[in-house]
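Biologist: Please take one part of this model and go through its surroundings with me slowly, residue by residue. I would then like you to work outwards from there to the other places that deserve a careful look.

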Amino acid sequence: MYHPQTGKTPWIEYGDGYMQHDTEIIIETLKGYLDVDPDVKLSSSQLAVSRLVSRTLSEGTYWGLLAWRHVLGDGGDRMCRAMFGPLIGTVVAAVDRWRYKRALWYQGIGRLSKAEIVKSVLSDLDSISEYLGPKPFLLGDTIHSADCSLFAFMACLLKVDSRGSPFTADIYRHNYNLVLYMDRVQTLLFPDWDVVINDPNYDRGAKHLHG
């Protein structure tokens, strides 16, 4: 789902129907709206690392995963068929594939070979795994804003786009600390994950998130 005005994803709807898009803007918006800042005690160096990790994911890794889901793999096709049914879903998937191929071409990563795209994403994951190391969270023992970004990507890689994905296979073989990280954050913040995923009528009392 995309923001109805800008077409961006992710986006949220909060308060009395207010909408906001873009990961960084969403995080800053929610800090003010909820009057909570998980990064308030971070040093300037830690804030710099937080931004670098978030930007690596959103401006680099994201495009590689998009290419895999909608162009190189069949994740986008399966998602469209699940949402719209086999007939309409196939048509929507074809339109999406064309649209994403064009976007990826103009962004630049679409001009690379499949092997080059995979290598780029794996390098990102290797770097983040190396930095995470044995720590519970990216910046130590406490969860911060950058963990929101990393968790979202791990959820996509390990829960959504895992079938046949070279990225998921590599995480399990070489960067297993990212699997443990995903499980840790999920247990902490989303203990009812399986219920939410499998029951469309379940309401966990949270604001609606999209993307």
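**Around V185 and outwards**

Modeller: When neighbours within four places in sequence are left aside, V185 is in contact with F137, I143, F151 and F190. Please keep in mind throughout that this is a predicted model. V185 belongs to helix α8, and its relative accessibility of 1% makes it count as buried. Along the chain V185 and L66 are 119 residues apart, and their C-alpha atoms are separated by 23 Å.

The helix that carries V185 also packs against another one. Helix α8, residues 176-189, meets helix α5, residues 114-132, at an angle of about 70°, and the two axes are 9 Å apart. Because angles of 65 to 115 degrees count as roughly perpendicular, α5 is described as roughly perpendicular to α8. The crossing in which α5 passes α8 is left-handed. On the α5 side the contact is made by L125, I128, S129 and L132, while α8 supplies N177, L178 and Y181. Sorted by class, this contact of α5 with α8 holds 5 nonpolar and 2 polar residues, with no charged residues.

From there we can turn to helix α6, residues 145-160, where S149 has its place. S149 is a buried residue, its relative accessible area being 6%, and, not counting residues up to four places away in sequence, S149 touches T23, I27, S54 and L57.

The loop between α1 (23-34) and α2 (44-72) is the next stop, and D39 is found in it. With a relative accessible area of 7%, D39 is buried, and the residues that D39 touches, again not counting those up to four places away in sequence, are K31, L47, H144 and S145. D35 sits in that loop between α1 and α2 as well, but at 71% relative accessibility D35 counts as exposed. The backbone of D35 also deserves a look, since its phi is near 55°, a positive value in a residue other than glycine.

Helix α3, residues 75-84, has G75, G76, D77 and C80 as its buried residues. Among the elements that cover these buried residues of α3 are α2 and α4 (86-107). Just after α3 comes G85, which takes a positive phi of about 95°.

C80 leads on to the matter of cysteine pairing, and there a search of the whole structure finds 0 disulfides. For C80 the reason is distance: the closest cysteine sulfur, in C156, is 15 Å from the sulfur of C80, and this is too far for a bond, because a disulfide needs a pair of cysteine sulfur atoms within 2.5 Å. C80 is itself buried, with a relative accessible area of 4%. C156, likewise, is in no disulfide, and the cysteine sulfur nearest to C156, that of C148, is 14 Å away. As for its surroundings, C156 counts as partly exposed at 28% relative accessibility.

To return to the starting point, V185 is a residue of α8 that counts as buried, and its contacts include F137 and F151.

Key:
Residues are numbered from 1 along each chain as its sequence is written. This is a predicted model: local features need pLDDT of at least 70, side-chain atom pairs count only at pLDDT 80 or more; totals for chains, interfaces and linings use all residues. Side-chain values use heavy atoms; hydrogens and water are left out. Axes are lines fitted to C-alpha atoms, for helices over the stretch in contact, and angles run from 0 to 180 degrees between N-to-C directions. Helices (H or I, at least four residues) and strands (E, at least two) are DSSP runs, numbered from the N terminus. Angles under 35 degrees count as roughly parallel, over 145 as roughly antiparallel, 65 to 115 as roughly perpendicular and the rest as oblique. A crossing is left-handed if the near helix is turned anticlockwise from the far one by less than a right angle, and right-handed if clockwise. Contact means heavy atoms within 4.5 Å. Ala, Val, Leu, Ile, Met, Phe, Trp, Tyr, Cys and Pro count as nonpolar, Asp, Glu, Lys and Arg as charged, and the others, Gly among them, as polar. Buried means under 20% relative accessible area, exposed over 50%, partly exposed in between (1.4 Å probe, protein chains only).
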